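This report goes through one structure, part by part. Please look at the sequence and the model first.

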Amino acid sequence: MDELFAGRLLYGAAVYPEVLDAATFAVDAAHMRRLGMNTARLGEFMWSALEPEDGEICLDVLDRALDVLGANGLSAIVCTPTATPPVWLTHGHPERLHHTADGVALGHGSRQHICTNNPVFRDRAARITKTMVAAVGNDRRVLAWQLDNEFKSHVGGCHCATCRDLWTGWLAARYQEVDLLNQAWHSAVWSETYQNFAQVPLPGPTPFLHNTSLVNDFRLFSQECINGFAREQAGIIRGHSSLPVTHNSGFGFDLDNAALFEHLDFSSFDTYPSANNHSAFLMNLDYFPRLAKSRRTVLMETSPSHGGSVRHYGVPHPHGFVEAEAFANYASGSAGFLFWHFRQHRGGSEQAHGSVVSAWGQPTIGHASADAIGRLLPAVKPLLDHSSPAQPAVAVHYSDHAKGFLETEAGDSVGYRGLISAFHAGLVRAGIQRSLIPVEASLAGFRVLFTLFVHHLPEQDRERILQWVHDGGTWVCGPGTGGRTEHHTWHADSALGGLEAAAGVESVFQFPATGSASRGSILGHDVVLSRMSTFFRLPENDAPGAATAIGTVTSGPADGLEFSTERRIGAGRMILLGSYPGAGAGTGGPDDGRADEGGAALAAVAEYACAGVLPRVRTAGGTVAEYLRWRNGRRQHWLVNMGGEPGTFTLLRPTRKLLGKQSVHADNGSHASHASHPALTLPAGVHTLGAYDYLVLEDIKEEHSL
């Protein structure tokens with residue numbers, strides 16, 4: 001696995017031979033190949049077809065599917081089918097089902113209806129996976145393995161009797177002594193002190209709210225359990241196969257993605273954004289590649305036209321948007337782009353979901369996008385083969401643990417994912433290339449780091465980041481960072497657990513600023529301050545290295561204090577942001593104490609922090625996104641307009657045009673290898689890129705690789 005997929009770039013779709021007759025499946029496979037596809041994903045919902053009765057396993061449907069796919073030049077990503085256990089596994093056995101916090105056992109149907117900790121399920125899941133991998137684990141037609149499907153996309157922690165016993169054991173292993181748990185959780189509050197671990201409840205119904213430490217630990221317990229299941233399944237596969245193993249995850253699931261992918265060979269993700277939320281699509285490309293050991297990712301599921309179910313019809317994408325998604329996907333370094341799904345399901349709850357062909361076999365409105373990507377891939381592959389992604393200078397911490405903290409303490413009814421998504425969208429609008437990284441990830445090669453809304457920042461990570469700052473990095477810390485211990489309690493010695501000392505300030509007040517008439521001024525912007533906030537006092541001396549104010553409170557309970565400061569630390573600087581700066585007077589925003597969700601003022605802080613790393617090709621203020629790559633010391637600019645109106649970009653120096661959308665489609669539909677076109681020189685200045693258009697540029701002057 002030195003080179004994932006032997007350097008191949010994947011393009012394809014999910015297929016379901018278990019629900020189609022053989023002739024129809026063969027027609028679809030041939031159709032996929034004509035569209036330029038080379039990969040099919042199958043098996044994730046196939047369990048009952050492979051094992052219709054307990055222990056009666058027959059892999060004929062899988063074998064026949066691989067025969068058909070192979071005959072049409074399509075490789076397979078085979079999924080373990082554990083997301084949809086057959087009815088024989090749960091009928092008459094409610095103890096095996098997933099139980100909600102209210103104690104209700106979910107019935108058979110849909111998916112993820114079983115408890116993945118149940119020992120009978122684990123035994124049967126191991127058996128079906130071992131049988132599959134023993135048969136086709138090293139089959140030349142199989143490219144990779146995918147575990148299950150979208151872990152925890154519909155359910156959170158299970159509250160069944162099995163999980164209750166495991167929870168007790170997990171707490172005992174974590175805390176050793178119940179008195180240590182009581183101390184860590186401050187369980188004397190409301191007389192919640194426990195005498196033994198068996199007394200600690202699952203976070204089910206209560207008259208008011210559970211202890212935050214209990215809620216967060218139960219979430220951590222659940223995440224560790226599902227990751228343990230993933231490791232068990234991956235171990236079974238690796239016992240019989242040398243092929244890479246992944247799982248298709250996403251931002252919205254109750255998972256610890258960093259820990260999940262630490263044990264897998266490459267990451268993969270599912271995403272279904274609307275066209276008017278294109279930054280949400282790009283956010284996946286900025287995050288998932290850095291999680292797995294190979295530093296490669298595959299977009300395992302996205303729609304050729306629209307999402308949807310019988311409860312919610314999706315909005316079809318405008319023409320050209322999906323092709324722009326594919327271009328950005330490959331430009332970012334992703335190794336694959338797959339649709340869900342190829343043929344529309346005739347039955348089930350997702351009948352209304354977009355597909356490449358309809359249930360009756362006719363091209364859908366998504367078919368044109370599939371055809372366009374079939375022409376795109378051979379055009380860009382030679383360029384991708386001879387270049388490599390350039391690491392952005394800017395990193396943003398993304399933490400599933402922080403997401404859990406803000407779910408537990410949702411005091412402003414705004415979740416972590418929404419806050420980070422809004423900030424990320426601001427970076428996209430500003431034309432700042434960025435990576436999203438776990439808190440524990442290496443900072444090598446980055447020059448600016450944002451750590452926003454991370455309630456608990458472990459001491460070892462704080463000290464590692466500060467050393468990086470001392471060596472020359474710029475760290476924007478906050479808002480909402482560092483205010484809690486790992487157990488979701490306040491610190492005993494300071495408001496931010498040591499961050500004040502590093503920033504050279506004293507925390508004076510900490511309170512929820514939303515609705516408190518708190519206002520401030522930062523970098524020339526009048527802002528409304530909101531969310532749980534910390535306000536600072538500067539030291540009275542102005543010695544070299546002392547902190548300076550960049551954000552001052554102008555009204556409200558903390559009037560006259562600072563909410564943002566800056567301090568030089570060694571060769572770098574630390575910007576501490578104690579409150580969320582929303583829209584204020586003169587910015588068009590509300591004046592009711594609520595921050596603007598677009599994060600305009602926070603974007604100004606971001607541009608201030610990134611002043612020294614602004615790109616040479618400027619795309620700020622529009623919908624044009626850029627991905628940097630290197631070829632033989634020359635910088636390449638892969639530009640794509642993700643918006644439905646023409647966008648602009650500014651060249652600071654002349655560049656060569658290597659590829660444009662028009663040349664990709666100049667062959668009138670042929671999927672043959674792209675013929676080379678003479679390179680053109682684009683002069684310095686402002687240029688226009690049409691709606692959903694893309695092009696590849698290369699600097700003329702020699703550059704040194706990062």
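## Two loop residues with positive phi

Ala517 sits in the loop that runs between β15 (506–512) and β16 (519–522). Although Ala517 is not a glycine, its phi is positive, at about 60 degrees. Is Ala517 buried or exposed? Ala517 counts as exposed because its relative accessibility is 57%, and the cut-off for exposed is over 50%.

Trp190 is another residue that is not a glycine and has a positive phi, of about 60 degrees. The loop between α7 and α8 holds Trp190. With a relative accessibility of 60%, Trp190 counts as exposed.

## Confidence in the model

The model is predicted. Over the protein chain the average pLDDT is 93, and 95% of the residues have a score of at least 70. Residues 585–598 have pLDDT under 50 throughout. For residues 585–598 the model has 33 contacts beyond four places in sequence.

## Cis peptide bonds

Trp340 and His341 are joined by a cis peptide bond, with omega at about -5 degrees. His341 belongs to the loop between β9 (336–339) and α12 (367–385).

A cis peptide bond also joins Gly478 and Pro479, and its omega is about 5 degrees. Pro479 is in the loop between β14 (474–477) and α16 (499–503).

## Ala14 and its contacts

Ala14 is part of strand β1, which covers residues 10–14. What does Ala14 touch beyond its neighbours within four places in sequence? The contacts of Ala14 are Arg41, Phe339, Trp340, His341 and Phe342. Trp340 and His341 are the two residues of the cis peptide bond with omega of about -5 degrees.

Ala14 counts as buried because its relative accessibility is 1%, and buried means under 20%. Along the chain, Ala14 and Gly336 are 322 residues apart, while 13 Å separates their C-alpha atoms.

## Thr90 in helix α4

Helix α4 (residues 87–90) contains Thr90. The relative accessible area of Thr90 is 5%, so Thr90 is buried. Residues up to four places away in sequence aside, Thr90 touches Leu97, His108, His113 and Ile114. Ile114 is also one of the residues that line the largest cavity.

## Helix α6

Helix α6 covers residues 161–175 and has 15 residues. How far apart should the ends of α6 be? At 1.5 Å a residue, the expected span is 21 Å, and the end C-alpha atoms are 21 Å apart, so the two values agree. The expected span is 21 Å because the 1.5 Å is multiplied by one less than the number of residues. Just after α6, Gln176 has a positive phi of about 65 degrees.

The buried residues of α6 are Thr162, Cys163, Trp167, Thr168, Trp170, Leu171 and Tyr175. They pack against three helices: α5 (119–136), α7 (178–185) and α8 (212–238).

## Gly235 in helix α8

Gly235 is a residue of helix α8. Gly235 is partly exposed, as its relative accessible area is 41%. The C-alpha atoms of Gly235 and Pro378 lie 36 Å apart, with their positions 143 residues apart along the chain.

## Cavities

How many cavities of 30 Å³ or more does the whole structure have? The search finds five. The largest cavity holds about 120 Å³ of space. Its lining includes Thr82, Ala83, His98, Gln112, Asp148 and Val155. By class, the lining of the largest cavity has six nonpolar, four polar and two charged residues.

The second largest cavity holds about 70 Å³. Among the residues that line the second largest cavity are Asn117, Gly157, Cys158, Cys163, Phe218 and Cys225. Cys163 is also one of the buried residues of α6. Helix α8 gives the largest share of this lining, with five residues. Six nonpolar, four polar and one charged residues make up the lining of the second largest cavity.

## The second largest pocket

The volume of the second largest pocket is about 990 Å³. This pocket is lined by 38 residues, of which His210, Asn211, Thr212, Val215 and Thr408 are the closest to its centre. The elements that give two or more residues to the lining are α8 and α13 (400–408).

Helix α8 provides the largest share of the pocket lining, seven residues. The lining of the second largest pocket divides into eleven nonpolar, 18 polar and nine charged residues.

Methods
Residues numbered from 1 in each chain as written. Predicted model: local features only at pLDDT ≥ 70, side-chain atom pairs only at ≥ 80, totals over all residues. Heavy atoms only, no water. Helix = DSSP H or I, 4+ residues; strand = E, 2+ residues; numbered from the N terminus. Buried < 20%, exposed > 50% of the residue type's maximum accessible area, 1.4 Å probe, protein only. Contact = heavy atoms within 4.5 Å. 1 Å grid on protein atoms, 1.4 Å probe; cavity = no way out; pocket = protein on both sides within 12 Å on 5 of 7 lines; lining within 4 Å. Points joined across faces, edges and corners; volume = space filled by probe spheres on them. Nonpolar A, V, L, I, M, F, W, Y, C, P; charged D, E, K, R; others polar. pLDDT = per-residue confidence, 0-100.
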